[in-house]
Amino acid sequence: MHNRINWSRCFLVGFALLLVSCGARHEADEKYVLVSANIQVPYWKSAGEGFIQAASQMKVRAEFVGPDTYDAKAEQAEFQRVVKTKPSGILVAPANPELMRADIDAAIAAGIPVITMDGDSPASKRLIFIGTNSYQAGVMGAKVAVKEMHGKGNVVVFTMPGQTNLDDRLRGYRDTFATSPQIKIGRVVDIAGNPRVAFDTASEIVGKEKDKVDAFVCLEALAGKEVAEVLDRYNVKGKTIVAMDTDPETLDWIKKGVIAATIAQKPYTMAYVGLTMLDNLHHNPPRSLQEDWTADPVSPIPAFIDTGAALVDKSSVDTFLAGSHK
């Protein structure tokens, strides 16, 4: 299995390089758009950089759009606006998969290739999903929590229910915790894209229920650093935090020993590969964008591209930071 994954990644790299080398064949009016639900957080800034870098190498126009704060409906409105401009392809990270479903289908019906990244809208007619195997990311984080908690304790989870990737991560945690019956998820908190909710909830727990909570699991990028700030501010020791993604503050709290670990995704890679795939779909379209290719054994379109994830803890954070600054 390990060799298969390596060959798959080699293929993607080769494929991307092939497309980049063919920059001369692009038309002057060719444009691709990345749509997100929150373009200001470091995670999405990294994705935007990957998207723009791929566009620059291929000499095509690219645009990264979306609201400045988490807003699923504003993302939908931006997607609808983009469709009206008739771009060559759209890469979108649906904050609400059902909310975006009809709009994605409408774009496909209009002949615009649509690929989802990071979060999926699996019931839509999107062509490919590019991102992390979120279930396995949940398993990875859960193993850290089990070890840090010595197999027992109460857990609070911070998430945004309804997002497919976050729901898959929670499923990975639940399934892994099931093998340690003394670990219980006592509360699942919807932060609704607002880090203040995580901060206030953690503060409430420290004030009223500190002895009842042993670990904080954060399934998205915003909550981990907020929980760490609360525990540090109130000098609370002996609690486990498992975070998600690699915001600078999250990595700083790992170095300080407050956050046990985080799961590093590859938003830059997701967006970079996403644009190369859109470019290929634009220049070499399948016989139908609306056909369901998932059950076709000779499909020209992969259903899912896993860009990988890595565990970052105190033993590896400096190496991770050194690599990310190359």
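Contact means that heavy atoms lie within 4.5 Å. The structure is a predicted model, in which local features need pLDDT of at least 70 and side-chain atom pairs count only at pLDDT 80 or more, while totals for chains, interfaces and linings use all residues. Residues are numbered from 1 along each chain as its sequence is written, and side-chain values use heavy atoms, with hydrogens and water left out.

**Exercise 1.** Describe how helix 8 packs against helix 9.

*Solution.* Helices (H or I, at least four residues) and strands (E, at least two) are DSSP runs, numbered from the N terminus. Two packed helices are described by the angle between their axes and the distance between the axes. Here the axes of helix 8 (residues 223–233) and helix 9 (residues 248–255) come within 9 Å and cross at roughly 45°; axes are lines fitted to C-alpha atoms, for helices over the stretch in contact, and angles run from 0 to 180 degrees between N-to-C directions. Helix 8 is therefore oblique to helix 9, since angles under 35 degrees count as roughly parallel, over 145 as roughly antiparallel, 65 to 115 as roughly perpendicular and the rest as oblique.

Next, list the residues: Lys 225, Ala 228, Glu 229 and Asp 232 of helix 8 meet Glu 249, Thr 250 and Trp 253 of helix 9. The residues of this contact divide into 2 nonpolar, 1 polar and 4 charged, where Ala, Val, Leu, Ile, Met, Phe, Trp, Tyr, Cys and Pro count as nonpolar, Asp, Glu, Lys and Arg as charged, and the others, Gly among them, as polar.

**Exercise 2.** Find the partners of strand 8 and decide whether its faces are covered or not.

*Solution.* Two strands pair if DSSP finds at least two bridges between them. Strand 6 (residues 153–159) pairs with strand 8 (residues 215–218) in the parallel sense over 4 bridges, and Phe 158 stands opposite Cys 218. Strand 9 (residues 240–244) also pairs with strand 8 in the parallel sense, over 3 bridges, and Ile 241 is opposite Phe 216.

Now turn to the faces. In a regular strand the side chains alternate between the two faces of the sheet. In strand 8, Ala 215 and Val 217 on one side and Phe 216 and Cys 218 on the other are all buried, and both faces are covered; buried means under 20% relative accessible area, exposed over 50% and partly exposed in between (1.4 Å probe, protein chains only).

**Exercise 3.** Classify the exposure of Arg 196.

*Solution.* Arg 196 is found in helix 7 (residues 195–208). Because its relative accessible area is 48%, Arg 196 is partly exposed.
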